[in-house]
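Let's walk through this model together, starting with one side chain and working outward to the whole fold.

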Amino acid sequence: VIVNLVVLSDPRRVVCDRPYLADAVWALVPVARAGLGTFAVDRWWRWYYDPAVEKKWTPEQIAGVLTHEVWHLLRRHFARADVLRTDPHAANLCQDAEINDGRVAEGVSLPDPVLPSLFGAPDGLLWEEYYEGAVAKAQKQGDGDAQACPDCARGACGAASPSVPRPGAGNCGSAASGQAAPWEDGAPGEAGRDGEPAPSGISTVESQIIIRRVAEAAEQ
């Protein structure tokens, strides 16, 4: 319980450092998921957290990873991935790079973040541009699956296996990839992983209102 309280105090740190994110952070629905090894979010704004991260990340890194996950939701990465029908893991890596270059520049602490340099690309691009470059690289080098991240296929990107996720390295949940991970619950109202009703979540309309409020707060 003490560890849970330590991890769940992190939203306060994010809001204190970046008040414009308050509406988004307080909208998150926390779901403890022991053994996950990281934080992740689904498209219903559920924040999956492993209480054990308190033992391996600093408070600043915990806040940084939560900030990272919130940006997947604010940028509606899952909707963009759905439209393009991209490879989920490769798309998630490119989305991480899109988020992290700006977060590192503003001083957010992240443990071993994925950056655009991973793809040999400059900062400041959209994740779709990073993805297009990765696919083109795969095609040029003759990889069997042009939709897969060529560096991931060779283990060069440094992403850990799903059983031991590297923070912000393609393991951010369906809010990023568009596809539900095995450890996620179903849609609100459906059966959860344990047979009980899945946790409540944020609807599409509610998320649009939150995103608008964050954008307005950021401009003030």
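Arg103 is a good place to start: at 8% relative accessibility it counts as buried (buried means under 20% relative accessible area, exposed over 50%, and partly exposed in between, using a 1.4 Å probe and protein chains only). Before going further, a word on where this comes from: this is a predicted model, in which local features need pLDDT of at least 70 and side-chain atom pairs count only at pLDDT 80 or more, while totals for chains, interfaces and linings use all residues. Residues are numbered from 1 along each chain as its sequence is written, and side-chain values use heavy atoms, with hydrogens and water left out.

So what does Arg103 pair with? Its salt-bridge partner is Glu106, with the closest N and O atoms 3.2 Å apart. A salt bridge here is a side-chain nitrogen of Lys or Arg within 4 Å of a carboxyl oxygen of Asp or Glu. Glu106 also meets the side chain of Arg18 in a salt bridge. That pair links distant parts of the chain, 88 residues apart: Arg18 sits in the loop between α2 (10–17) and α3 (22–27), and Glu106 in the loop between α6 (88–105) and α7 (127–140). (Helices, H or I of at least four residues, and strands, E of at least two, are DSSP runs numbered from the N terminus.) Arg18 is buried at 14% relative accessible area, whereas Glu106 is partly exposed at 34%.

Arg75 and Glu98 form another salt bridge. Arg75 lies in the loop between α4 and α5 (77–84) and Glu98 in helix α6, so this pair ties together parts that are 23 residues apart in sequence. Arg75 counts as partly exposed at 24% relative accessibility, but Glu98 is buried at 5%. Both belong to a salt-bridge network that links Arg75, Arg80, Glu98 and Glu128. Over the whole structure, the search finds nine salt bridges, and these three are among them:

| Salt bridge | Closest N to O distance |
|---|---|
| Arg18–Glu106 | 3.0 Å |
| Arg75–Glu98 | 3.1 Å |
| Arg103–Glu106 | 3.2 Å |

Now for helix α4 (residues 59–74), home of His72. At 0% relative accessibility, His72 counts as buried. Leaving aside residues up to four places away in sequence, His72 touches Val41, His77, Asn92, Gln95, Asp96, Ile99, Cys172, Ala175 and Ala176, where contact means heavy atoms within 4.5 Å.

How does α4 sit against α2? The two pack at an angle of about 75°, with their axes 9 Å apart. That makes α2 roughly perpendicular to α4, a label for angles of 65 to 115 degrees. On the α2 side, Asp10, Pro11, Arg13 and Val14 take part, meeting Pro59, Glu60, Ile62, Ala63, Leu66 and Thr67 of α4. By class, this contact has six nonpolar, one polar and three charged residues.

What about the cysteines? Cys16 counts as exposed at 64% relative accessibility, while Cys94 is buried at 1%. The disulfide count comes to zero, taking a disulfide as a pair of cysteine sulfur atoms within 2.5 Å.

Zooming out, the protein chain has 10 helices and three strands, running α-α-α-β-β-β-α-α-α-α-α-α-α from the N terminus on. Buried residues make up 48% of its 220 residues. Among contacts with a separation of 6 or more, 62% come from residues 24 or more positions apart.

Terms used
Axes fitted to C-alpha atoms, helices over the stretch in contact; angles between N-to-C directions. Parallel < 35°, antiparallel > 145°, perpendicular 65-115°, else oblique. Nonpolar A, V, L, I, M, F, W, Y, C, P; charged D, E, K, R; others polar.
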